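Subject: Structure handover and notes

Hello,

Here is the structure for you to take over. My notes follow below it; please read them with the model open.

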Amino acid sequence: MEPLILFILVLTLLFLGVPVAVSLGLSSLIVIAFFSSDSVSSVALQLFTASQNYTLLAIPFFILASAFMSTGGVARRIIRFAIASVGHFRGGLAMASVLACMMFAALSGSSPATVVAIGTIAIAGMRQVGYTKDFAAGIVANAGTLGILIPPSIVMVVYSAATDVSVGRMFLAGVVPGLVAGLMLMIAIYIMARVKNLPAEKWKGIHEIVEGGKQAGWGLFLIIIILGGIYGGVFTPTEAAAVAAVYAFAVALFVYRDMGPMKGVPWVRDDDHKRARTGFSATVYAVAFFFVWMILTFFLTADWEWVSLRGRTLVGLVLSLCVMVAYTVWRDEESNPRNIPTFIAASLPVWRRNLALMGRNFFRAFFNDDTHKVMVDASRTTVMLMFIIVNALLFAHVLTAERIPQAITSVMVDAGFTWFTFLIAINLLLLLGGQFMEPSGLLLIVAPVVFPIAMELGVDPVHLGIIMVVNMEIGMITPPIGLNLFVTSGITGMSLIQVVRAALPFVAVLFLFLILVTYTPGLSTWLPYSLMGPEIVSR
């Protein structure tokens with residue numbers, strides 16, 4: 001009786017237009033207070049337990065990192081690199097938009113953030129070279145969903161918190177499916193481009209790819225810091241999220257200078273001498289190489305007792321010196337190694353000017369208007385998401401207290417459900433629920449219910465998590481509540497109906513991808529289990 005009352009209350013409140021979080025929390029509170037044998041004090045205990053969840057602490061840090069990366073102009077540099085890489089194919093600009101979404105997804109962990117950051121630039125660019133607005137909007141709306149599949153993913157963190165599955169394994173499990181999904185979208189674009197005779201960008205050579213990679217490199221290196229740090233055993237996913245937020249802040253304000261008190265101030269001015277430019281670039285590449293070397297070798301050799309900090313430092317210094325010498329000789333018109341000290345000396349005023357500028361603005365960077373706006377926006381998103389999560393956890397607590405998962409498990413097993421038919425039912429349930437609810441809230445409601453059933457039927461927990469995330473992807477581009485549809489509508493000025501029609505052809509590709517992921521477990525489990533071993537679940 002109690003479960004029926006609970007679901008009736010939730011559905012009634014939702015149809016009355018009450019926010020999802022309030023519907024879940026209020027329904028749970030009413031059932032506990034008036035119909036359940038559970039104590040009302042369990043509400044306070046559950047809320048306190050949710051606030052103490054260490055895994056969920058990663059969410060505000062990932063949101064903050066995403067906010068700095070979205071504001072800091074990283075998207076523009078990523079798009080340039082993507083166009084240089086695949087723009088020369090037929091429909092290349094559209095394919096580059098998908099590739100850019102894939103790379104930005106690995107920085108943000110958020111689907112709407114990916115759509116806003118990439119779509120704002122990419123849709124306008126596609127319109128300028130002859131793509132229809134519908135086609136451009138449909139591509140970005142669908143490719144943006146990769147933000148919750150390619151790690152780090154906020155939705156994966158939520159699933160891990162709800163089921164106690166390893167966040168590290170979930171992140172690794174999203175790598176191969178994310179690449180496959182992006183590739184399937186690109187193939188679909190290429191076929192449509194051939195049919196519609198869409199334009200191809202001019203091939204600009206390897207030099208443009210290298211230049212684009214250099215510009216986007218500082219942002220993309222965040223991927224290595226997060227994943228390398230986690231799988232190198234340096235820090236936990238929650239600690240990785242905190243490091244990502246600090247790194248994103250430093251890159252946006254001090255390296256790219258797209259926001260903050262140094263906004264628009266270039267590292268090298270037009271009136272700087274050519275020797276100063278060359279010497280400065282040579283030292284920057286040397287310092288960057290040393291920085292990357294020390295981090296990567298730390299990740300790779302953390303468990304090697306015979307590798308010391310001093311040894312890594314010495315090797316890094318020697319290799320960095322070689323990089324500096326090679327670049328200077330290459331850029332020197334005389335190609336004379338004896339001129340290297342002259343180039344380095346000429347770069348010193350440039351270094352002095354920039355270091356002095358950063359020193360004067362170091363504390364101002366923390367309190368300027370741009371930083372304040374990013375912090376406020378990230379805080380609002382965090383509060384909204386955590387409010388949904390806490391109320392969804394309270395709802396899940398009522399389900400567990402009433403032993404609803406166990407009852408459903410018994411019914412399904414007695415009815416002869418196999419893992420194959422169970423996954424069909426899960427996909428139908430999540431596709432339907434994803435049309436009406438935010439992904440994190442829906443996961444926290446459904447996961448505690450279906451997880452015991454999946455374990456009973458022999459479904460792998462990591463594989464189940466990826467299936468649920470892919471369903472959430474599709475839910476974000478299906479009406480009436482598909483968040484990506486509203487975001488795309490906002491940045492294009494199109495009506496919601498127009499965006500739905502534009503996204504429809506590519507939604508079919510994601511449906512095919514869902515079938516592939518559902519019934520090819522190795523796609524999700526091969527990488528995490530090869531590197532970290534199988535997930536152990538106690539029943």
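**What was found**

Arg257 is buried, with a relative accessible area of 2% (buried means under 20% relative accessible area, exposed over 50% and partly exposed in between, with a 1.4 Å probe and protein chains only). This is a predicted model, in which local features need pLDDT of at least 70 and side-chain atom pairs count only at pLDDT 80 or more, while totals for chains, interfaces and linings use all residues. Residues are numbered from 1 along each chain as its sequence is written, and side-chain values use heavy atoms, with hydrogens and water left out.

**Arg257 and the helices before it**

Arg257 sits in the loop between H13 and helix H14 (274–300). Helices here (H or I, at least four residues) are DSSP runs, numbered from the N terminus. Arg257 is not a glycine, yet its phi is positive, about 55°. This residue comes just after H13.

H13 itself has 19 residues, and from its first C-alpha to its last it reaches 25 Å, close to the 27 Å expected at 1.5 Å a residue. The expected span is 1.5 Å times one less than the number of residues in the helix.

The partner of H13 in these notes is H12. The axes of helix H12 (residues 206–231) and helix H13 (residues 237–255) come within 10 Å and cross at roughly 165°. That makes H12 roughly antiparallel to H13. Axes are lines fitted to C-alpha atoms, for helices over the stretch in contact, and the angles run from 0 to 180 degrees between N-to-C directions. Angles under 35 degrees count as roughly parallel, over 145 as roughly antiparallel, 65 to 115 as roughly perpendicular, and the rest as oblique.

The crossing of H12 past H13 is right-handed (the near helix is turned clockwise from the far one by less than a right angle; anticlockwise would be left-handed). On the H12 side, the residues that meet H13 are Trp218, Phe221, Leu222, Ile225, Ile226 and Ile230. They face Pro237, Ala240, Val243, Ala244, Tyr247, Val251 and Val255 in H13, where contact means heavy atoms within 4.5 Å. This contact divides into 13 nonpolar residues, no polar and no charged. Ala, Val, Leu, Ile, Met, Phe, Trp, Tyr, Cys and Pro count as nonpolar, Asp, Glu, Lys and Arg as charged, and the others, Gly among them, as polar.

**H11 and what surrounds it**

The 22 residues of H11 should span 32 Å at 1.5 Å a residue, and its end C-alpha atoms are 31 Å apart, which agrees. Its buried residues are Pro177, Gly178, Ala181, Gly182, Leu185, Met186, Ala188, Ile189 and Ala193. What covers them includes helix H6 (92–108), H8, helix H10 (167–173), helix H21 (461–475), helix H23 (496–518) and H24.

H24 also has a crossing with H11: the axes of helix H11 (residues 175–196) and helix H24 (residues 522–532) come within 7 Å and cross at roughly 135°. The two are therefore oblique to each other. Val175, Val176, Pro177 and Val180 of H11 make the contact with Leu523, Ser524, Trp526 and Leu527 of H24. Those residues divide into seven nonpolar, one polar and no charged.

H11 is followed by Asn197, whose phi is positive, near 55°. Asn197 is not a glycine and lies in the loop between H11 and H12. Asn197 is exposed, with a relative accessible area of 55%.

**H19 with H23**

The axes of helix H19 (residues 419–434) and H23 come within 11 Å and cross at roughly 145°. Leu423, Asn427 and Leu431 of H19 touch H23 through Phe511, Leu514 and Thr518. Four of these residues are nonpolar, two are polar and none is charged.

**Single residues worth a look**

- Gly119 is found in helix H7 (residues 111–128) and is buried, with a relative accessible area of 2%. Leaving out residues up to four places away in sequence, it touches Thr114, Ala124, Val140 and Ile491. Gly119 and Val140 are 21 residues apart in sequence, with their C-alpha atoms 5.8 Å apart.
- Ser440 lies in helix H20 (residues 439–456) and is buried at 1% relative accessible area. With the same residues left out, Ser440 touches Val155, Val158, Leu385 and Ile389.
- The peptide bond from Pro151 to Pro152 is cis, with omega near -5°. Pro152 is in the loop between helix H8 (133–143) and helix H9 (154–163).

Regards
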